[in-house]
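Trainee: Could you take me closely through one part of this model, the place where helices pack against one another and the core that goes with them? I would like a connected account rather than a list.

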Amino acid sequence: MFKSLNMQQSPINSKLLLIAVIALLSFIPLGILMDITSDRQALQQQVIDDIGNSWGHAQRVAGPVLVVPYTYEIVNNSVDNNGDIKQVRSHFNSELVILPKQLDLDIAVQHDLLSRGIFESLVYKGNISGKAQFDLSNLTVANLIRFDYRNARIVFAVSANQAIDKVSRFDLIAVNSAAQQPTLGELMPGTGLSEQPGLQSGFHRLVDLSDKHTQLETDFAIQLRGSQAISALPLGQQTQLTFTADWPHPSFKGLLPTSRHIDNQGFKATWQVSHLTRNYPQQFSTQSRQNLTEVEAYAQLFQPVTHYGQIHRAVKYGLLFILLSCITLLIFELSLKRNVSLIQYLMITCAMTLFYLLLLSLSEHLPFSLAYGLATLVPITSVSLYMGSIMASKRHGAIMAALLSCLYALLYGVLKLEDYALLMGSALLVVVMLVLMFITRHVPETEQKALL
């Protein structure tokens, strides 16, 4: 059987067909490697979700806002038994949500990495501080009977209460008022606005506004935990947001920052947001259920390229590398008139495929650059030595080692430069074509005719 596959007894077209079959068969191990990588990536995401459930997911902060209960009436006309029309007055209770006139919000984030087994999850601790000013001089409600100022409350919303570490300050004072300062109650969990989008969970503090203050200011400082991202709702009539973090790879969504500065030590971004950018008013009844989440300043602690994503992209070049190695062996076979069997082609294919399995296993325990360098030693060393032994030529083995070294170096550049991956991949194909053209420039004329 192997004798019939001998180079000197098989036509060149048959050998090319053989290489094509080997290339198609390589889809099987490469596909298995893609599935293994996907499974490991899914397991990593599960660990990230589990850590997020315990530590805290991406956090969204909103507030502070004032909530004032009120009573209003609805007048309906009805007809009695005598046919007379009379008015029926019904009283109902609701709450008025008052958003800040001016909101200054500072969010400072420090990242950390939590491990579970061999997997890591990016988490952070955030310090949220700022001031908000409220104007109560022009509260308007249709069919109002009275405001219940004595049972007002100031509310601050977060995505999940279990992520709150500490509330250092959450005060409310009257500004430029000779009246008595508002009486504040204890901090209490929940917002009492479970049906209001953007304000469903968080904490509140009861405040007695029975002196009917018109200008109020709150000062707050909160520490919380989260993972992956943090965002804020610009609820002020004029809002200034400042995000700072010690993570150098931010990704901004929603409202883009007015200014930003990013370096190796982290980033700082600032938003200046007017109430004109959204469609809800500064005062509204909880019955209207305004969507406060329609405008959001969002900053993600972005991990540019995970090692699983890099391996996925590397495997996509696996067929190219296998084809190139087999074609190079065929060219050496033609030029030196050596006898190369099917088994030898398969061994080279296996060595090229094993690189990706080594890269996957090593990258879970070592930095990706080190894992990549160690994994490339296997195909470069084994294939070049094997090639030199088959051809009985150290020179051809060295050529193969140099060729593979250049290819893997280019592949590393493709994997690391995500924004230029397509450009680098195209350059890699051009280099491969030029190398093959250079190697085949002296193929004997008899072999060229055989190819036809």
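Mentor: Helices here are DSSP runs of H or I with at least four residues, strands are runs of E with at least two, and both are numbered from the N terminus. Counted in that way, the chain of this predicted model has 9 helices and 17 strands. Of its 452 residues, 45% are buried, and among contacts with a separation of 6 or more, 77% join residues 24 or more positions apart.

The part you ask about can be entered through the largest nonpolar core, which has 51 residues and in which Leu 359, Tyr 408 and Leu 411 touch the most other members. At least two residues of this core come from each of helix H1 (12-25), helix H2 (27-55), strand E4 (119-135), helix H3 (307-316), helix H4 (318-336), helix H5 (342-363), helix H6 (368-391) and helix H7 (394-416). A second core of 49 residues lies apart from this one, and Tyr 124, Leu 139, Leu 216 and Trp 271 are among its members.

Tyr 408 deserves a look of its own, since, once neighbours within four places in sequence are set aside, Tyr 408 is in contact with Phe 321, Met 352, Phe 355, Tyr 372, Thr 376, Pro 379 and Ile 380.

From there we can turn to how H3 and H7 meet. Two packed helices are described by the angle between their axes and the distance between the axes. For H3 and H7 the angle is about 135°, and the axes are 10 Å apart. Angles over 145 degrees count as roughly antiparallel and those of 65 to 115 as roughly perpendicular, and the two helices are therefore oblique to each other. The crossing of H3 with H7 is right-handed. On the H3 side the contact is made by Gln 310, Arg 313 and Ala 314, while H7 contributes Leu 411, Val 414, Leu 415 and Lys 416; sorted by class, these are 4 nonpolar, 1 polar and 2 charged residues. Leu 411 thus links the two views, as a residue of this helix contact and as one of those that touch the most other members of the largest core.

For a view of a loop, consider Leu 199, placed between strand E8 (183-189) and strand E9 (202-208). Leu 199 is buried, with a relative accessible area of 0%, and residues up to four places away aside, Leu 199 touches Ala 62, Val 65, Val 97, Ala 157, Thr 191, Leu 193 and Leu 292. The C-alpha atom of Leu 199 is 8.3 Å from that of Gly 63, although 136 residues separate the two along the chain.

Methods:
Residues are numbered from 1 along each chain as its sequence is written. This is a predicted model: local features need pLDDT of at least 70, side-chain atom pairs count only at pLDDT 80 or more; totals for chains, interfaces and linings use all residues. Side-chain values use heavy atoms; hydrogens and water are left out. A nonpolar core is a set of buried Ala, Val, Leu, Ile, Met, Phe, Trp, Tyr and Cys residues joined through side-chain atoms within 4.5 Å. Buried means under 20% relative accessible area, exposed over 50%, partly exposed in between (1.4 Å probe, protein chains only). Contact means heavy atoms within 4.5 Å. Axes are lines fitted to C-alpha atoms, for helices over the stretch in contact, and angles run from 0 to 180 degrees between N-to-C directions. Angles under 35 degrees count as roughly parallel, over 145 as roughly antiparallel, 65 to 115 as roughly perpendicular and the rest as oblique. A crossing is left-handed if the near helix is turned anticlockwise from the far one by less than a right angle, and right-handed if clockwise. Ala, Val, Leu, Ile, Met, Phe, Trp, Tyr, Cys and Pro count as nonpolar, Asp, Glu, Lys and Arg as charged, and the others, Gly among them, as polar.
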